[in-house]
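User: I have a structure to read and some questions about it. Please take me through the answers step by step.

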Amino acid sequence: MNPVMENILTRRSIRSYEERQIPAESLDQILLAGTYAPSGRSLQTWKFTAVQNPQVLARINAALREALRTVAAGPGTHPYVVRLKAKAEREDSEFLFHAPTYVIVSNDRENVNALADSAVAMENMMLAAHSLGIGSCWLNHLPGLTRHPVIRGLMAELDIPDHHDIFATLALGWPKNSSPAAGPRKDVIHIIR
Ligand SMILES: Cc1cc2nc3c(=O)[nH]c(=O)nc-3n(C[C@H](O)[C@H](O)[C@H](O)COP(=O)(O)O)c2cc1C
């Protein structure tokens, strides 16, 4: 199988990481791969904020916890959010899988392609990471809370522009365990010849 196909088929979401940091050159390559993703009209309105500083990672986790605790929830609230809110009540709750590197993908909220552009950049970064033996996992807590005042404050601290929302985030690190096998694929392919 050609190496690109093999890389695509063997990438898995990794949720447990070694403490040691990934090399600076690897992070550079992963972020470069993100910037080479396609974007609608090639506008490239995204920003990739990579965090490796342990204090800042702890600050992000604390802000997430605070936002989750205070976000309004009612009868219609998605069960996933209800679960996250319950987790946030625990003082030791950790939302970033203790990943040593965390990338926040923000984008201009006025760009109609912001979500799609951010998603293709995410996949480029996940595949680049995997090609280097580095594990990754898409984490979707922050995007859902991007308008929460606590998260707006965090974004300002991280120099994420005011006109941006967070569309995706990525945990990165050396996998602690060997990769699980891919789950079964659904029968979704229909070729009309
Ligand atoms: C849009 C999106 C959001 C996701 N959000 C989360 C998340 O918040 N937490 C998490 O652990 N995994 C998250 N994932 C990872 C998926 O659970 C994972 O891709 C899926 O289970 C398939 O597993 P695989 O990536 O190993 O093939 C997300 C993936 C995508 C594409």
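User: Is Ile134 buried or exposed?

Analyst: This is a predicted model. Ile134 has a relative accessible area of 1%. A residue counts as buried under 20%, so with its value of 1% Ile134 is buried.

User: Where does Ile134 lie, and which residues does Ile134 touch?

Analyst: Ile134 sits in the loop between helix H5 (114-131) and S3. Residues up to four places away in sequence are not counted here. With those set aside, Ile134 touches Ile22, Ser26, Ile30, Ala129, Leu172, Gly173, Trp174 and Pro175.

User: How many Å apart in space are Ile134 and Trp174?

Analyst: Trp174 is among the residues that Ile134 touches. In sequence the two are 40 residues apart. From C-alpha to C-alpha, the distance between Ile134 and Trp174 is 5.0 Å.

User: Which helix or strand supplies the largest share of the largest nonpolar core?

Analyst: The largest nonpolar core has 27 residues, and Ile60, Leu96, Tyr102, Ile104, Leu142, Ile151 and Leu154 have the most contacts inside it. At least two residues of this core come from each of helix H3 (54-70), helix H4 (79-88), strand S2 (101-108), strand S3 (135-139), helix H7 (149-157) and strand S4 (164-173). The largest share is six residues, and it comes from H3.

User: Which residues is Ile60 in contact with, leaving aside its neighbours within four places in sequence?

Analyst: Ile60 is one of the residues with the most contacts inside the largest nonpolar core. Nonpolar side chains tend to be buried together in soluble globular proteins. Beyond its sequence neighbours, Ile60 is in contact with Val51, Leu96, Tyr102, Ile104, Leu142, Leu154 and Leu158.

User: How many residues does the second, separate core have?

Analyst: This core is separate from the one described above. Its members include Leu31, Ala33, Ala128 and Leu170. The number of residues in the second core is 21.

User: Which element gives the most to the shell around the ligand?

Analyst: The ligand is surrounded by Arg11, Arg12, Ser13, Arg15, Tyr80, Phe97, Cys137, Trp138, Leu139 and Asn140. By class, the shell has five nonpolar, two polar and three charged residues. Three residues of the shell come from the element that gives the most, S3.

User: What share of the ligand's accessible area does the protein cover?

Analyst: An oxygen atom of the ligand is 2.6 Å from a side-chain N or O atom of Ser13, and one is 3.2 Å from a side-chain N or O atom of Tyr80. A nitrogen atom of the ligand lies 3.3 Å from a backbone N or O atom of Trp138. On its own the ligand has 620 Å² of accessible area, and the share covered by the protein is 60%.

Key. Residues numbered from 1 in each chain as written. Predicted model: local features only at pLDDT ≥ 70, side-chain atom pairs only at ≥ 80, totals over all residues. Heavy atoms only, no water. Core = buried A, V, L, I, M, F, W, Y, C linked by side-chain atoms within 4.5 Å. Buried < 20%, exposed > 50% of the residue type's maximum accessible area, 1.4 Å probe, protein only. Helix = DSSP H or I, 4+ residues; strand = E, 2+ residues; numbered from the N terminus. Contact = heavy atoms within 4.5 Å. Near = heavy atom within 4 Å. Polar contact = N/O pair within 3.5 Å; in protein donor to acceptor, adjacent residues only side chain to side chain. Areas by Shrake-Rupley, 256 points an atom, 1.4 Å probe, with all protein chains shown as cover. Nonpolar A, V, L, I, M, F, W, Y, C, P; charged D, E, K, R; others polar.
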